[in-house]
Amino acid sequence: MRSFRKYFLNPLLDLLYPQYCVVCDTLIPGTSQVLCLACAHRLPFTGLEQIADNETDIRLYGKIHHLNAAPLLYFIEEGMVQVMMHQLKYKNRPDIGHYLGTLIAARYAETEWFQSIEAIVPVPLHPKKEYRRGYNQAQCIAEGISAYSHIPLLQKAVVRKINTDSQIHKSRAARLVNVTGAFEVHKAPQLKGKHILLVDDVFTTGATIASCGNCILQVEGTTLSMATAAMAIL
Ligand SMILES: [Zn+2]
């Protein structure tokens, strides 16, 4: 069966649905792949999941009482992670989110804090925005983490009430105001007493994820850690 797959099915699938590396456009063998081997080998991992009180915690200081926070990759302008995040958000490539989620779960599984996570919650998009995009990129990452780690994913546990404008061109103070009160917990009984992993795509100032996280922390007995696919260099 394995050789049928290896010598017949996979080459046939390659022929019918050729896959190209998201970053360098090289033809890659096999299906459901995002990066060629060369690009996968030069992914800029932060390694911050192993470090307590890291750069992410400094940015979150005074915004939220969380346990751990770690982004997977460094987001450098015009770098490979920017290309991947752009494709994930704007070019209908939810599979990139799944791939990044799998990488998060595989790397973070070695840490003690990740092993105590009991449920995964993605930072929600406003329903209108999710409808336009066709998916929530944070949810795709969360699905990848859940599939690899077998930690349950809580769907729609938190919802976004306010359709905030793009955060990119706003000052830090404006962003904080913009996201305050934007979220609402809908599944409190499922969150109660659990160590939750809150998942988002890119970590910048931490205003959005902290706002969403503070909403979750209002549920009795919850503790919170955070994982994002990337971290912007400020
Ligand atoms: Zn490549």
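A contact here means a pair of residues with heavy atoms within 4.5 Å. By that rule, among contacts in the protein chain between residues at least 6 apart in sequence, 73% join residues at least 24 apart. The structure is a predicted model. Its protein chain has eleven helices and eight strands.

**Chain and surface**

- The protein chain has 234 residues, and buried residues make up 47% of them.
- The accessible surface of the protein chain comes to about 12300 Å².
- Carbon and sulfur atoms account for 56% of that accessible surface.

**Helix H11**

- Helix H11 covers residues 207–217 and is mostly covered, with nine of its eleven residues buried.
- The buried stretch from Ala207 runs on through Thr208, Ile209, Ala210, Ser211, Cys212 and Gly213.
- Cys215 and Ile216 are also among the buried residues of H11.

**Salt bridges**

- The count of salt bridges comes to seven, and three of these pairs are described below.

*Arg93 and Asp95*

- The side chains of Arg93 and Asp95 meet in a salt bridge, at 2.8 Å from N to O.
- Asp95 has a relative accessible area of 28%, and it counts as partly exposed because that value lies between the limits of 20% and 50%.

*Glu130 and Lys156*

- Glu130 forms a salt bridge with Lys156, and their closest N and O atoms are 3.4 Å apart.
- Glu130 lies in helix H7 (residues 127–133), while Lys156 lies in the loop between helix H8 (137–149) and strand S5 (158–160), so this pair ties together parts that are 26 residues apart in sequence.
- Lys156 is partly exposed, with a relative accessible area of 45%.

*Lys192 and Glu220*

- Lys192 forms a salt bridge with Glu220, with the closest N and O atoms 3.8 Å apart.
- Both residues sit in loops: Lys192 in the one between helix H10 (188–191) and strand S7 (195–203), and Glu220 in the one between H11 and strand S8 (223–232).
- The Lys192 and Glu220 pair therefore ties together parts that are 28 residues apart in sequence.
- Lys192 counts as partly exposed, at 47% relative accessibility.
- Glu220 has 58% relative accessibility, and it counts as exposed because that value is over 50%.

Note on methods:
Residues numbered from 1 in each chain as written. Predicted model: local features only at pLDDT ≥ 70, side-chain atom pairs only at ≥ 80, totals over all residues. Heavy atoms only, no water. Helix = DSSP H or I, 4+ residues; strand = E, 2+ residues; numbered from the N terminus. Buried < 20%, exposed > 50% of the residue type's maximum accessible area, 1.4 Å probe, protein only. Areas by Shrake-Rupley, 256 points an atom, 1.4 Å probe, with all protein chains shown as cover. Salt bridge = Lys/Arg side-chain N within 4 Å of Asp/Glu carboxyl O.
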